[in-house]
Amino acid sequence: METGVPSRIQGEIFPPKPILFGVLNITNDSFSDGGKYLHEDLALAKAKSLREEGADVIDIGAQSSNVKAGPISEEVEWDRMKEVISELKKEKVRISIDTFRPYVIRKALEAGVDYINNIRGFVDPESLDLLKGSNKQSTKYVAMFSQDHSIKASESSDLKPETVVPLALEFFRERTKTFESLGLADHLILDPGMGFFLSPDYKVSFAVLSKITEILSEFPNLMVSVTKKSFLGNALGGLPVEDRIIPTAISETYLWSKGVPMIRTHSPKSFLLAMKTWEMSHGVYGPQRELQERSD
(Lines give C-alpha, C1' and ligand atoms only; values in the text may rest on other atoms or scores of the structure.)
Protein backbone atom coordinates (compact mmCIF):
# COMPACT_ATOMS: atom_id res chain seq x y z
CA MET A 1 0.00 0.00 0.00
CA GLU A 2 1.40 3.38 -0.97
CA THR A 3 1.72 5.97 1.77
CA GLY A 4 2.11 8.99 -0.47
CA VAL A 5 5.56 9.66 1.01
CA PRO A 6 8.20 9.13 -1.68
CA SER A 7 11.08 6.81 -0.94
CA ARG A 8 14.14 8.98 -1.23
CA ILE A 9 17.85 8.56 -0.70
CA GLN A 10 19.28 11.61 1.02
CA GLY A 11 22.32 12.02 -1.19
CA GLU A 12 20.10 12.14 -4.28
CA ILE A 13 17.96 14.98 -2.97
CA PHE A 14 20.05 17.16 -0.72
CA PRO A 15 23.72 18.10 -0.74
CA PRO A 16 25.98 16.66 1.98
CA LYS A 17 26.07 18.45 5.29
CA PRO A 18 28.38 21.44 4.83
CA ILE A 19 31.57 21.91 6.76
CA LEU A 20 30.59 24.29 9.55
CA PHE A 21 33.05 26.94 10.71
CA GLY A 22 32.02 28.04 14.20
CA VAL A 23 32.86 31.68 14.91
CA LEU A 24 35.03 32.41 17.95
CA ASN A 25 35.74 36.12 18.31
CA ILE A 26 38.47 36.86 20.86
CA THR A 27 37.91 40.58 20.50
CA ASN A 28 36.54 43.51 22.44
CA ASP A 29 34.54 45.07 19.59
CA SER A 30 33.07 42.45 17.24
CA PHE A 31 29.55 43.41 16.18
CA SER A 32 27.94 40.27 17.59
CA ASP A 33 29.86 39.20 20.68
CA GLY A 34 32.74 41.60 21.28
CA GLY A 35 34.27 41.34 24.74
CA LYS A 36 32.71 38.02 25.71
CA TYR A 37 35.65 35.69 25.11
CA LEU A 38 38.81 37.70 25.74
CA HIS A 39 39.88 35.43 28.61
CA GLU A 40 41.40 32.12 27.56
CA ASP A 41 39.10 29.99 29.71
CA LEU A 42 36.00 31.68 28.28
CA ALA A 43 37.32 31.34 24.73
CA LEU A 44 38.00 27.63 25.24
CA ALA A 45 34.55 27.14 26.77
CA LYS A 46 33.01 28.83 23.73
CA ALA A 47 35.05 26.63 21.39
CA LYS A 48 33.80 23.55 23.26
CA SER A 49 30.23 24.81 23.01
CA LEU A 50 30.57 25.38 19.26
CA ARG A 51 31.92 21.87 18.80
CA GLU A 52 29.06 20.42 20.82
CA GLU A 53 26.64 22.34 18.60
CA GLY A 54 28.14 20.72 15.52
CA ALA A 55 31.00 22.96 14.35
CA ASP A 56 33.61 21.06 12.34
CA VAL A 57 36.16 23.88 12.47
CA ILE A 58 36.70 26.65 15.02
CA ASP A 59 37.29 29.96 13.21
CA ILE A 60 39.28 32.20 15.57
CA GLY A 61 39.52 35.94 15.07
CA ALA A 62 41.24 38.41 17.39
CA GLN A 63 41.09 41.60 15.29
CA SER A 64 37.55 42.73 14.61
CA SER A 65 36.58 43.74 11.06
CA ASN A 66 33.47 45.52 12.31
CA VAL A 67 32.84 48.91 10.64
CA LYS A 68 33.44 50.73 13.92
CA ALA A 69 36.27 48.51 15.18
CA GLY A 70 39.63 49.99 16.06
CA PRO A 71 42.94 48.36 15.15
CA ILE A 72 45.07 46.45 17.63
CA SER A 73 48.73 45.59 17.15
CA GLU A 74 49.66 42.38 15.37
CA GLU A 75 51.42 41.21 18.54
CA VAL A 76 48.27 41.69 20.62
CA GLU A 77 46.23 39.92 17.95
CA TRP A 78 48.49 36.86 18.12
CA ASP A 79 48.77 36.95 21.91
CA ARG A 80 44.98 36.80 22.21
CA MET A 81 44.75 33.55 20.28
CA LYS A 82 48.02 31.64 20.61
CA GLU A 83 47.21 29.74 23.82
CA VAL A 84 43.71 28.94 22.59
CA ILE A 85 45.22 27.50 19.41
CA SER A 86 47.68 25.45 21.45
CA GLU A 87 44.96 23.97 23.63
CA LEU A 88 42.66 23.18 20.72
CA LYS A 89 45.54 21.54 18.84
CA LYS A 90 46.03 19.20 21.79
CA GLU A 91 42.43 18.11 21.37
CA LYS A 92 42.94 17.66 17.59
CA VAL A 93 40.33 20.33 16.80
CA ARG A 94 40.43 21.73 13.28
CA ILE A 95 41.33 25.42 13.46
CA SER A 96 40.83 28.37 11.14
CA ILE A 97 42.53 31.69 11.84
CA ASP A 98 40.67 34.79 10.69
CA THR A 99 43.42 37.31 9.99
CA PHE A 100 44.79 39.57 7.27
CA ARG A 101 48.16 40.37 8.89
CA PRO A 102 51.29 38.67 7.54
CA TYR A 103 52.81 38.43 11.03
CA VAL A 104 49.81 36.51 12.34
CA ILE A 105 49.57 34.42 9.16
CA ARG A 106 53.19 33.36 9.66
CA LYS A 107 52.63 32.49 13.32
CA ALA A 108 49.47 30.55 12.46
CA LEU A 109 51.28 28.58 9.74
CA GLU A 110 54.05 27.77 12.19
CA ALA A 111 51.40 26.54 14.64
CA GLY A 112 50.04 24.20 11.97
CA VAL A 113 46.48 25.51 11.72
CA ASP A 114 44.14 24.02 9.14
CA TYR A 115 42.84 27.20 7.50
CA ILE A 116 43.83 30.85 7.11
CA ASN A 117 40.72 32.97 6.53
CA ASN A 118 41.76 36.30 5.01
CA ILE A 119 39.15 39.05 4.56
CA ARG A 120 41.53 40.92 2.21
CA GLY A 121 41.78 37.91 -0.07
CA PHE A 122 45.60 37.65 0.13
CA VAL A 123 45.99 40.69 -2.13
CA ASP A 124 49.17 41.96 -0.45
CA PRO A 125 52.55 40.66 -1.69
CA GLU A 126 53.85 40.03 1.83
CA SER A 127 51.07 37.53 2.61
CA LEU A 128 51.56 35.80 -0.74
CA ASP A 129 55.29 35.51 -0.07
CA LEU A 130 54.49 33.63 3.13
CA LEU A 131 52.41 31.13 1.20
CA LYS A 132 55.14 30.38 -1.35
CA GLY A 133 56.89 27.99 1.00
CA SER A 134 53.71 26.46 2.41
CA ASN A 135 52.71 24.16 -0.46
CA LYS A 136 53.97 21.16 1.49
CA GLN A 137 51.53 21.96 4.29
CA SER A 138 47.89 20.90 4.31
CA THR A 139 46.70 24.38 5.32
CA LYS A 140 43.92 25.80 3.15
CA TYR A 141 43.36 29.45 2.39
CA VAL A 142 40.07 31.34 2.32
CA ALA A 143 40.25 34.39 0.06
CA MET A 144 37.32 36.74 0.53
CA PHE A 145 35.98 39.20 -2.01
CA SER A 146 35.01 42.64 -0.73
CA GLN A 147 34.28 46.02 -2.23
CA ASP A 148 37.77 47.44 -1.56
CA HIS A 149 39.87 44.61 -0.01
CA SER A 150 40.52 46.76 3.04
CA ILE A 151 41.14 45.66 6.63
CA LYS A 152 37.52 46.02 7.71
CA ALA A 153 33.98 46.46 6.46
CA SER A 154 32.93 49.85 5.12
CA GLU A 155 29.84 52.05 5.26
CA SER A 156 30.31 53.16 1.64
CA SER A 157 30.53 51.17 -1.57
CA ASP A 158 30.28 51.47 -5.35
CA LEU A 159 28.95 47.92 -5.72
CA LYS A 160 25.42 47.51 -7.01
CA PRO A 161 23.14 44.46 -7.23
CA GLU A 162 23.81 44.15 -10.96
CA THR A 163 27.62 44.53 -10.68
CA VAL A 164 28.55 42.58 -7.55
CA VAL A 165 28.52 39.03 -8.96
CA PRO A 166 30.49 39.81 -12.16
CA LEU A 167 33.12 41.63 -10.08
CA ALA A 168 33.30 38.82 -7.51
CA LEU A 169 33.76 36.26 -10.29
CA GLU A 170 36.49 38.38 -11.84
CA PHE A 171 38.28 38.52 -8.48
CA PHE A 172 37.90 34.76 -7.99
CA ARG A 173 39.41 34.08 -11.41
CA GLU A 174 42.37 36.32 -10.64
CA ARG A 175 42.91 34.71 -7.23
CA THR A 176 42.73 31.25 -8.78
CA LYS A 177 45.46 32.14 -11.28
CA THR A 178 47.62 33.58 -8.50
CA PHE A 179 47.27 30.48 -6.34
CA GLU A 180 47.94 28.26 -9.35
CA SER A 181 51.22 30.12 -9.83
CA LEU A 182 52.11 29.28 -6.21
CA GLY A 183 51.22 25.62 -6.66
CA LEU A 184 48.35 26.08 -4.22
CA ALA A 185 45.29 25.95 -6.46
CA ASP A 186 43.90 22.95 -4.58
CA HIS A 187 44.33 24.79 -1.28
CA LEU A 188 42.17 27.77 -2.27
CA ILE A 189 38.68 28.40 -0.90
CA LEU A 190 36.72 31.44 -2.06
CA ASP A 191 34.28 33.60 -0.11
CA PRO A 192 31.98 36.14 -1.81
CA GLY A 193 31.85 38.38 1.25
CA MET A 194 28.51 39.67 2.56
CA GLY A 195 26.99 42.59 4.45
CA PHE A 196 29.12 45.71 4.85
CA PHE A 197 32.04 43.94 3.17
CA LEU A 198 30.02 44.40 -0.02
CA SER A 199 27.73 47.36 0.59
CA PRO A 200 25.39 48.95 3.14
CA ASP A 201 22.67 48.30 0.54
CA TYR A 202 21.18 44.95 1.57
CA LYS A 203 20.12 44.26 -2.02
CA VAL A 204 23.79 43.80 -2.98
CA SER A 205 24.21 40.86 -0.58
CA PHE A 206 20.89 39.36 -1.62
CA ALA A 207 22.05 39.62 -5.25
CA VAL A 208 24.92 37.31 -4.31
CA LEU A 209 22.52 34.86 -2.65
CA SER A 210 20.24 34.86 -5.66
CA LYS A 211 23.18 34.03 -7.96
CA ILE A 212 24.91 31.52 -5.69
CA THR A 213 24.28 28.63 -8.10
CA GLU A 214 26.01 30.58 -10.88
CA ILE A 215 28.99 31.26 -8.62
CA LEU A 216 29.18 27.61 -7.53
CA SER A 217 29.09 26.38 -11.12
CA GLU A 218 32.48 28.00 -11.71
CA PHE A 219 33.89 27.96 -8.17
CA PRO A 220 32.50 25.00 -6.22
CA ASN A 221 35.02 25.33 -3.38
CA LEU A 222 33.07 28.11 -1.70
CA MET A 223 32.62 29.27 1.88
CA VAL A 224 29.84 31.74 2.69
CA SER A 225 29.18 33.63 5.91
CA VAL A 226 25.81 35.33 6.32
CA THR A 227 25.70 34.87 10.07
CA LYS A 228 23.85 37.72 11.82
CA LYS A 229 25.12 40.17 9.21
CA SER A 230 23.87 43.69 8.68
CA PHE A 231 22.11 43.01 5.38
CA LEU A 232 19.70 40.62 7.11
CA GLY A 233 18.86 43.18 9.77
CA ASN A 234 18.53 46.07 7.30
CA ALA A 235 16.35 44.12 4.89
CA LEU A 236 13.92 43.21 7.66
CA GLY A 237 13.26 46.63 9.11
CA GLY A 238 16.37 47.21 11.19
CA LEU A 239 16.58 44.01 13.24
CA PRO A 240 19.19 44.19 16.01
CA VAL A 241 21.91 41.54 16.03
CA GLU A 242 20.20 39.40 18.65
CA ASP A 243 17.07 39.11 16.48
CA ARG A 244 18.87 37.88 13.36
CA ILE A 245 19.08 34.20 14.37
CA ILE A 246 16.06 33.07 12.33
CA PRO A 247 16.98 35.03 9.17
CA THR A 248 20.49 33.63 9.53
CA ALA A 249 19.31 30.02 9.80
CA ILE A 250 16.98 30.44 6.81
CA SER A 251 19.75 31.97 4.68
CA GLU A 252 22.18 29.22 5.69
CA THR A 253 19.63 26.54 4.86
CA TYR A 254 19.14 28.12 1.46
CA LEU A 255 22.91 28.10 0.88
CA TRP A 256 23.17 24.44 1.87
CA SER A 257 20.23 23.51 -0.37
CA LYS A 258 22.07 25.08 -3.31
CA GLY A 259 25.21 23.07 -2.57
CA VAL A 260 27.50 25.52 -0.74
CA PRO A 261 30.06 23.18 0.85
CA MET A 262 31.26 25.42 3.71
CA ILE A 263 29.29 27.77 5.96
CA ARG A 264 30.73 30.05 8.63
CA THR A 265 28.25 30.59 11.45
CA HIS A 266 27.79 31.81 15.00
CA SER A 267 25.22 29.08 15.66
CA PRO A 268 25.88 25.63 14.18
CA LYS A 269 22.97 24.26 16.20
CA SER A 270 20.43 26.64 14.66
CA PHE A 271 21.54 25.72 11.16
CA LEU A 272 21.53 21.97 11.82
CA LEU A 273 18.03 22.14 13.31
CA ALA A 274 16.83 24.08 10.28
CA MET A 275 18.53 21.65 7.91
CA LYS A 276 17.00 18.58 9.55
CA THR A 277 13.57 20.21 9.67
CA TRP A 278 13.84 20.97 5.93
CA GLU A 279 14.80 17.37 5.19
CA MET A 280 11.97 15.91 7.24
CA SER A 281 9.55 18.28 5.52
CA HIS A 282 10.56 16.51 2.30
CA GLY A 283 10.02 13.05 3.75
CA VAL A 284 13.64 12.36 4.67
CA TYR A 285 14.03 11.16 8.25
CA GLY A 286 17.40 9.47 8.74
CA PRO A 287 20.10 8.61 9.38
CA GLN A 288 21.29 11.52 11.47
CA ARG A 289 22.90 13.92 9.01
CA GLU A 290 25.33 15.36 11.54
CA LEU A 291 27.06 11.97 11.58
CA GLN A 292 27.87 12.25 7.88
CA GLU A 293 31.22 13.96 7.42
CA ARG A 294 31.94 15.87 4.26
CA SER A 295 35.53 15.46 3.10
CA ASP A 296 37.27 18.82 2.58
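Start by selecting residues 74–90, which form helix α3 in this predicted model. At 1.5 Å a residue, its 17 residues should span 24 Å, and the C-alpha atoms at its two ends are indeed 24 Å apart, so expectation and model agree.

Stay on α3 and center the view on Met81. Here the helix bends by about 35°. Met81 is also one of the buried residues of α3. To see the others, add Glu77, Trp78, Arg80, Val84, Ile85 and Leu88 to the selection. As you click along them, one general point helps: an α-helix has 3.6 residues a turn, so residues three or four places apart point the same way.

What do the buried residues of α3 pack against? Color these partners and have a look:

- strand β1, residues 19–25
- helix α2, residues 40–53
- strand β2, residues 57–61
- strand β3, residues 94–98
- helix α4, residues 102–111

Next, step just past the end of α3 to Lys92. This residue sits in the loop between α3 and β3. Its phi is near 60°, a positive value in a residue other than glycine. Is Lys92 buried or exposed? Its relative accessibility is 76%, so Lys92 counts as exposed.

Now jump to Lys228, in the loop that runs between β7 (223–224) and α9 (230–235). Lys228 is not a glycine either, yet it has a positive phi of about 60°. Turn on the surface here: with a relative accessible area of 17%, Lys228 is buried, because the cut-off for buried is under 20%.

For the last stop, select two helices together: α10 (residues 245–257) and α11 (residues 268–281). They pack at an angle of about 55°, and their axes are 9 Å apart. The two helices are therefore oblique to each other. Rotate the view to follow the crossing, in which α10 passes α11 in a right-handed sense.

Show side chains where the helices meet. From α10, pick Ile245, Ala249, Glu252, Thr253 and Trp256. They meet Ser270, Phe271, Ala274, Met275, Trp278 and Glu279 of α11.

Finally, zoom in on Thr253, which lies in α10. Its relative accessibility is 9%, so Thr253 counts as buried. Which residues is Thr253 in contact with, leaving aside its neighbours within four places in sequence? Select Phe271, Ala274, Met275 and Trp278, and you have them on screen.

Conventions
Residues numbered from 1 in each chain as written. Predicted model: local features only at pLDDT ≥ 70, side-chain atom pairs only at ≥ 80, totals over all residues. Heavy atoms only, no water. Helix = DSSP H or I, 4+ residues; strand = E, 2+ residues; numbered from the N terminus. Expected span 1.5 Å × (residues − 1). Bend = angle between axes of the 7 residues up to and from the residue. Buried < 20%, exposed > 50% of the residue type's maximum accessible area, 1.4 Å probe, protein only. Contact = heavy atoms within 4.5 Å. Axes fitted to C-alpha atoms, helices over the stretch in contact; angles between N-to-C directions. Parallel < 35°, antiparallel > 145°, perpendicular 65-115°, else oblique. Left-handed = near helix turned anticlockwise from the far one by under 90°.
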